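Colleague: I'd like to learn how to read a fold from the inside out. Can we start with one residue and work outwards?

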Amino acid sequence: MDPAVLIFLLYVMIAHELICGFVQYRRQSAKPRKRAVGPLLRPSARVCQGVWRSSSQPVRTNRGERDLRKMGPAKLSAQQTISSYYQQMASAAQHHWFRIVSQGTVPTRRHRKPSVTQPFSLQVNMASVSTSGSLNKVVRQQYMNLAQGKKCQVTYIWIDGTGEGLRNKTRTLDLEPKSINDIPEWNFDGSSTYQAEGSNSDMYLIPVSMFRDPFTLDPNKLVLCEVLKYNRLPAETNHRARCNKVMEEVRDECVWFGMEQEYTLLGVDGYPFSWPSNGYPAPQGPYYCGVGADNAYGRDIVECHYKACLYAGVEICGTNAEVMPSQWEFQVGPCEGIEMGDHLWVARFLLHRVCEDFGVVATLNPKPMTGSWNGAGCHTNVSTRRMREEEGLQYIEQAIEKLKGKHKEHIKVYDPHGGEDNKRRLIGQCETSSIDDFSAGVANRGASIRIPRQVGQERKGYFEDRRPAANCDPYQVTRAIASTCLLDTDQDDGDE
C-alpha cells in the first residue's frame, strides 16, 4: 500500500478518537451536578481563625446520614423543624464531611463565609474533644428519665491528696435527706487518691454541706465532705477544719467573702480550646467580655455551668469572658465565713462535670500559656461589718496594713505549692503585681490589693486581694485573711 495512504488513514483514526472523546466530555458536563442539600455543606468557611475545607479523603457515611441528605428540607415531617434539620446536618458535617485546617490568613474569595440563615453549631478541632464527650446524650437521657421511687442518690465529693483535684462517688439512700445530719459518714480508699498507704488505706468522709444535684435532678443530692484519717484527725489537705475554727472565732465580725474564679478551657490534648492547632489567635484585646464566634470560645459550657450552679444552690453571682481567649471567670459570693470555701469547691466540681459532658477540660493552672498571655487568678473580695458601715474605709486601710506585714506568709498559702505556681503568674505584668513586693491602690489592677473606685468615693465597702492563684484552696485563703486582719495573731499562716 502506498505510504501516503497509510499516513492519511492514521490521521483519520486520531481525529476520530479526539472527536469521540470531546463528545463524551460534553455529555458528562451537561449532566446536572449532585449538590449537597442545605448551605451548611458548602466546602469553605472561616471559623475561629481556622479555615474549613472539604476533605480530600473519601468518607463513609451511615444510613441515617444518607437518608438525611436525600430527604432535604422540603420532605421533613411536621414534627421536625427546619432548625432541627440544620443542626443535624451540622453534626453530620463536623463528624464526617469536613476537617479544619488551622491557618492565620485573612479570608480570600476562595475561603468565603457561608451565607447560613439557620441556627447551627460547629466544633473546632474535633481531635481535641474527648471521645466520651461525643457519646449519644439522647440515649443517656432515656435512662435518666426512669423513675427511682423513693430512693435517693447521694454523690459524696472530697478534695484529694493533691490539694487541687476533686473525687466523688455515689450511694443510695432509702429516703431523700432533709438536712446534712441525715447523710451518713462513708469511707474510701485513700491509697488511690494520694492520701494514705495501701496497708492502712481507709479514710473517712464526713458530710459538711449539701446541694441539689443538677445532673440527676431532684431528689438526688451532692454532698461536700471533709476527709479524716484512720485516727479521725483531718487529712493533710483537709484545710477546712482549721478554717472553720478561725471563722468561729471571728463570727461577730460578719466577714463576707466573694471569690472570682478564673479558668481556661482546654482540649484533651492540653491546648487551649478553639485555638489554631499550629499557631496562636489574634493578640489579647477583643476577648474580655467579648461576643461573637471569633471572640468567645466555649460560651455554651459557661452558660450550662451557670445554670447548674443556680440549680444546685451555689451562691454564684456572675460570669464573664476573660482577657485571654478560651479563658473565663465566674464569681461566687458574697458568702459568710466557712461557706465561701464550701460553695467555691462545689462550683469547681460542677465546672469539671459540665466540661466532662462537653468533652473538654477546665484547668485552674495560674499560667496556662507562657508569654504575653494573661494568667488565671482567684481574686478575693473581703469586707467586715465595720468596713460596710459609714466611714468603714479606715478599717479597710487598717486591714491592708496588716496584710502588708504578712505578705510572704500569704503568698505561701495562695497556691497549693507554697507560692511556686504564683511565681509564674505574679510577674508585675498582665494585670498582676510582683510576687516580691506588696502594693495597694484605688482602682489599680496592677496592685496586690485593689480598693474599688466606688469604695474610695463612698468611704465604705470592701477590698480585693488580687494575689491568690486560680488553683488556690479557698479555705486556706479565707483563713489567712481572717486571721491576719481580725485576730492579730503572730502565727505563721504558711505552716501546717
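Modeller: Sure, let's begin with the company Q327 keeps. Leaving out residues up to four places away in sequence, Q327 touches Y263, T264, A321, E322, N374, G375 and A376. Keep in mind that this is a predicted model.

Colleague: Which strand is Q327 found in? And is Q327 buried or exposed?

Modeller: Q327 belongs to strand β11, which covers residues 327-336. For burial, look at the relative accessible area: under 20% counts as buried. Q327 has 1%, so it is buried.

Colleague: Okay, now a helix. Which residues of α5 are buried?

Modeller: Helix α5 spans residues 240-249, and its buried residues are R240, A241, C243, V246 and M247. Next, ask what lies over them. The cover includes strands β7, β8 and β9 (256-266), along with helices α7 (339-358) and α13 (474-487).

Colleague: Let's take M247 from that helix. What is its relative accessible area, and which residues is it in contact with beyond its sequence neighbours?

Modeller: M247 comes out at 7%, so this one counts as buried too. Setting aside neighbours within four places in sequence, M247 is in contact with F257, G337, I338, T478, R479 and A482. You can also compare sequence and space: M247 and E339 are 92 residues apart along the chain, with 9.8 Å between their C-alpha atoms.

Colleague: β7 and β8 turned up in the cover of α5. How many bridges join these two strands?

Modeller: Eight, and the two strands run antiparallel: β7 is residues 202-212 and β8 is residues 221-228. To get the register, pick a residue and find its opposite number. I206 stands opposite E226 in β8.

Colleague: What is the strand order of the sheet they sit in?

Modeller: Read across, the order is β5-β4-β8-β7-β6, an open sheet of five strands with mixed pairing. For the edges, look for strands that pair on one side only: here β5 (166-173) and β6 (186-189). Neighbouring strands in this sheet are turned by 40° against each other on average, ignoring direction.

Colleague: And zooming out, how many helices and strands does the chain have?

Modeller: There are 13 helices and 16 strands. Of the chain's 496 residues, 45% count as buried. For contacts, take residues at least 6 apart in sequence: 68% of those contacts join residues at least 24 apart. Finally, the accessible surface comes to about 26300 Å², with 51% belonging to carbon and sulfur atoms.

Methods. Residues are numbered from 1 along each chain as its sequence is written. This is a predicted model: local features need pLDDT of at least 70, side-chain atom pairs count only at pLDDT 80 or more; totals for chains, interfaces and linings use all residues. Side-chain values use heavy atoms; hydrogens and water are left out. Two strands pair if DSSP finds at least two bridges between them. Helices (H or I, at least four residues) and strands (E, at least two) are DSSP runs, numbered from the N terminus. Axes are lines fitted to C-alpha atoms, for helices over the stretch in contact, and angles run from 0 to 180 degrees between N-to-C directions. Buried means under 20% relative accessible area, exposed over 50%, partly exposed in between (1.4 Å probe, protein chains only). Contact means heavy atoms within 4.5 Å. Accessible areas come from the Shrake-Rupley method with a 1.4 Å probe; for residues, only the protein chains shown count as cover.
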